[in-house]
Amino acid sequence: MYIGLDIGTSGTKAALIRDDGMAVSESRSSYGFSDVREGRRELDPETVWNAVLECIRNLSGREDAKTIT
């Protein structure tokens with residue numbers, strides 16, 4: 001099993017993928033921009049990191065995930 005992450009500007013998604021490429025389960029966490037002044041768009045890195053951790057925790061315990069090296 002592998003965990004795939006999609007970290008974007010509006011949220012993070014994670015999927016637990018079998019060795020044959022089929023998705024077993026998914027998790028999502030949404031967030032917004034932290035600063036939109038003067039036409040800028042900024043993300044708070046701590047918010048993004050917490051979303052990544054939340055998604056991974058939601059998938060944990062279901063199967064043993066491997067790393068790609």
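The legends below describe close-up views of a predicted model.

**View 1. The open sheet and the order of its strands.** Three strands make up an open sheet, arranged in the order 1-2-3 and paired in the antiparallel sense. Strand 1, which covers residues 2–7, and strand 3, which covers residues 23–30, stand at the edges with a single partner strand each, so one side of each is left without a neighbour in the sheet. From one strand to the next, the twist averages 15°.

**View 2. The pairing of strand 1 with strand 2.** Strand 2 spans residues 11–17, and its antiparallel pairing with strand 1 runs over six bridges. Among the residues to look for is Leu5, whose bridge partner in strand 2 is Ala14, while Ile3 stands opposite Leu16 of strand 2. The chain passes from strand 1 to strand 2 by way of a hairpin, in which three residues make the connection.

**View 3. The pairing of strand 2 with strand 3.** Here the antiparallel pairing extends over seven bridges, and one of the residues to follow is Lys13, whose bridge partner in strand 3 is Arg28. These two strands also form a hairpin, with five residues between them, and in its turn Gly21 has a positive phi of about 95°.

**View 4. Helix 1 against the sheet, and the cover of strand 2.** Helix 1, made of residues 45–59, lies across strand 1, strand 2 and strand 3, and runs at about 150° to strand 3. Strand 2 is mostly covered, since five of its seven residues are buried, a term that stands for a relative accessible area under 20%.

**View 5. A nonpolar patch on the surface.** Ile3, Leu5, Ile7 and Ile56 together make a nonpolar surface patch of about 300 Å². Strand 1 contributes three residues, which is the largest share of this patch, whereas Ile56 is found in helix 1. Ile56 has a relative accessible area of 30% and is therefore classed as partly exposed, a class that lies between buried, under 20%, and exposed, over 50%. In a regular strand the side chains alternate between the two faces of the sheet. With that general pattern in mind, the reader may return to Ile3 and Leu5, which belong to the patch and which also appear in the pairing with strand 2, Ile3 opposite Leu16 and Leu5 with Ala14 as its bridge partner.

Conventions
Residues are numbered from 1 along each chain as its sequence is written. This is a predicted model: local features need pLDDT of at least 70, side-chain atom pairs count only at pLDDT 80 or more; totals for chains, interfaces and linings use all residues. Side-chain values use heavy atoms; hydrogens and water are left out. Two strands pair if DSSP finds at least two bridges between them. Helices (H or I, at least four residues) and strands (E, at least two) are DSSP runs, numbered from the N terminus. Axes are lines fitted to C-alpha atoms, for helices over the stretch in contact, and angles run from 0 to 180 degrees between N-to-C directions. Contact means heavy atoms within 4.5 Å. Buried means under 20% relative accessible area, exposed over 50%, partly exposed in between (1.4 Å probe, protein chains only). Patches are made of residues with over 30% relative accessible area and no salt bridge: like charges are joined within 9 Å, nonpolar side chains (Val, Leu, Ile, Met, Phe, Trp, Tyr) within 5 Å. Accessible areas come from the Shrake-Rupley method with a 1.4 Å probe; for residues, only the protein chains shown count as cover. A salt bridge is a side-chain nitrogen of Lys or Arg within 4 Å of a carboxyl oxygen of Asp or Glu.
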